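Student: I should like to go through this structure by asking how each label is justified. Could each answer begin from the criterion?

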Amino acid sequence: MPGPPIMGWQTFGDQHVMRRVFFTAIALAACTSALALEPESESPQAQARVLAQEFVALLKPRLKQAMEEGGPTRAIAVCADAAPGIADALSTQSGWTVERVSLKSRNASRAAPDPWERSVLLEFDRRQAAGEDAANISFGEIVGNRYRYMQAQGVEPLCLLCHGKGLADDVQETLKQYYPDDWAVGYSLGEVRGAISLSTAVEVDSAP
Ligand code: HEC
C-alpha cells in the first residue's frame with residue numbers, strides 16, 4: 001500500500017523505530033496476559049478474545065493521547081500508522097492472523113472483508129439492531145482448517161469524531177489525504193463500526 005503522507009509525526013517517523021516500540025509495548029503487555037503465559041492450554045476462542053482485547057488495549061490509549069495532544073487530525077496520523085502496526089505486531093507475536101475489517105472500510109487496502117467476514121459482519125449488524133450491545137457481539141467457528149473469530153467494535157462517543165456524521169472540516173480534509181476511498185463515516189452511537197478478525201490454523205479431525 002502506498003504510505004500515507006506523514007504529518008506532524010516526529011517521534012515515530014521511522015517505521016522500524018515504531019515497530020520496535022510496538023514490539024516492546026506488546027512484550028510488556030504480554031507479560032501479564034494469559035495468552036503469553038499458557039498459549040497452548042487456552043482454547044482458540046479464549047486466545048482470540050485475549051488478542052482482541054490486547055489490540056484495543058494497545059490502540060485506544062494511543063488514540064486518546066494523540067487526541068489530547070493535537071486533536072483528531074493528529075490522532076488520524078497516529079491511527080494510520082499505529083493501527084496497522086499493532087495488528088501486524090500482534091500477528092507476528094502470536095502466530096494468529098489479526099486484522100480489522102468493516103462493511104464500510106476506511107483503509108481499503110486492509111479492511112475489506114472476505115466472504116466469511118462479510119456474512120459475520122452482516123449478522124453482527126442484525127444482532128446489534130435487534131438490541132445486543134455491540135461490545136458483547138462476537139462469533140467464532142472452524143472454517144476449513146482454521147479457527148476464525150470476530151469481535152465487533154461498537155461506536156462510542158469518541159469514535160464519532162472520525163466516523164460520525166457531519167465531521168469537522170479539518171477532520172474531513174485530513175481523512176481525504178490519507179484515505180481517498182473512505183467509506184467509514186456516517187455512523188451513529190452504538191452501531192457496529194467493524195470488527196477485529198482473527199484466525200489461526202487448527203488440527204481438524206478428519207474422521208467421519
Ligand atoms: C482520530 C480519528 C479516529 C477516531 C477517534 C476513531 N477512529 Fe477508527 N479509524 C480511524 C482511521 C484513521 C482508521 C484507518 C486506520 C488504518 O489505516 O488501518 C480507522 C479505522 C478503523 C477500523 C478498521 C476498519 C476500517 O474501516 O479501516 C475500525 C474497526 C475502527 N476504526 C473503529 C473505531 C472505533 C470503534 C472507534 C472508537 C472507539 C474509532 N475507530 C475511533 C480514525 C479514527
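Tutor: Helices (H or I, at least four residues) and strands (E, at least two) are DSSP runs, numbered from the N terminus. By that criterion the protein chain has seven helices and four strands, in the pattern α-α-α-β-α-α-β-β-α-α-β. This is a predicted model, in which local features need pLDDT of at least 70 and side-chain atom pairs count only at pLDDT 80 or more, while totals for chains, interfaces and linings use all residues. Residues are numbered from 1 along each chain as its sequence is written.

Student: Why does Y147 count as buried?

Tutor: A residue is buried if 20 or more other C-beta atoms lie within 10 Å of its own, exposed if 12 or fewer, and partly exposed in between, with C-beta atoms placed from the backbone. Y147 has 21 C-beta neighbours inside 10 Å, and therefore counts as buried. Y147 is found in strand β3. Of the 208 residues of the protein chain, 33% count as buried.

Student: What does Y147 touch, leaving out residues up to four places away in sequence?

Tutor: Two residues are in contact if their C-beta atoms, placed from the backbone, lie within 7 Å. On that basis Y147 touches P44, G140, I142, S199, T200 and V202. The C-alpha atoms of Y147 and A48 are separated by 9.4 Å, although the two residues are 99 apart along the chain.

Student: How do you know which strands pair, and in what order they stand in the sheet?

Tutor: Two strands pair if DSSP finds at least two bridges between them. Five bridges join β1 to β4, and nine join β3 to β4; both pairs therefore meet the criterion of at least two bridges. In β4, E99 has S197 as its bridge partner, and Q153 has G194. The result is an open sheet of four strands in the order β1-β4-β3-β2, with antiparallel pairing. The edge strands are β1 and β2 (138-143), each pairing on one side only.

Student: What angles do α3 and α5 make with strands of the sheet?

Tutor: Axes are lines fitted to C-alpha atoms, for helices over the stretch in contact, and angles run from 0 to 180 degrees between N-to-C directions. α3 touches β1, β2, β3 and β4, and its direction makes about 50 degrees with that of β1. α5 lies across β1, β2, β3 and β4 and runs at about 135 degrees to β4.

Student: What makes a set of residues a nonpolar core?

Tutor: The set must consist of buried Ala, Val, Leu, Ile, Met, Phe, Trp, Tyr and Cys residues joined through C-beta atoms within 7 Å. The largest such core has 39 residues, and L51, F55, C79, I86, V98 and L198 have the most contacts inside it. Its largest share, 20 residues, comes from α3. Leaving aside neighbours within four places in sequence, F55 is in contact with I86, A87, L90, V98 and I196.

Student: How do you know which residues surround the ligand, and of what class are they?

Tutor: A residue is near a molecule or strand if its C-beta atom, placed from the backbone, lies within 6 Å of it. There are 26 residues around the ligand, of which A75, N107, C159, C162 and G194 come nearest. Ala, Val, Leu, Ile, Met, Phe, Trp, Tyr, Cys and Pro count as nonpolar, Asp, Glu, Lys and Arg as charged, and the others, Gly among them, as polar. The shell accordingly has 15 nonpolar, six polar and five charged residues. α3 gives the most to this shell, with eight residues.
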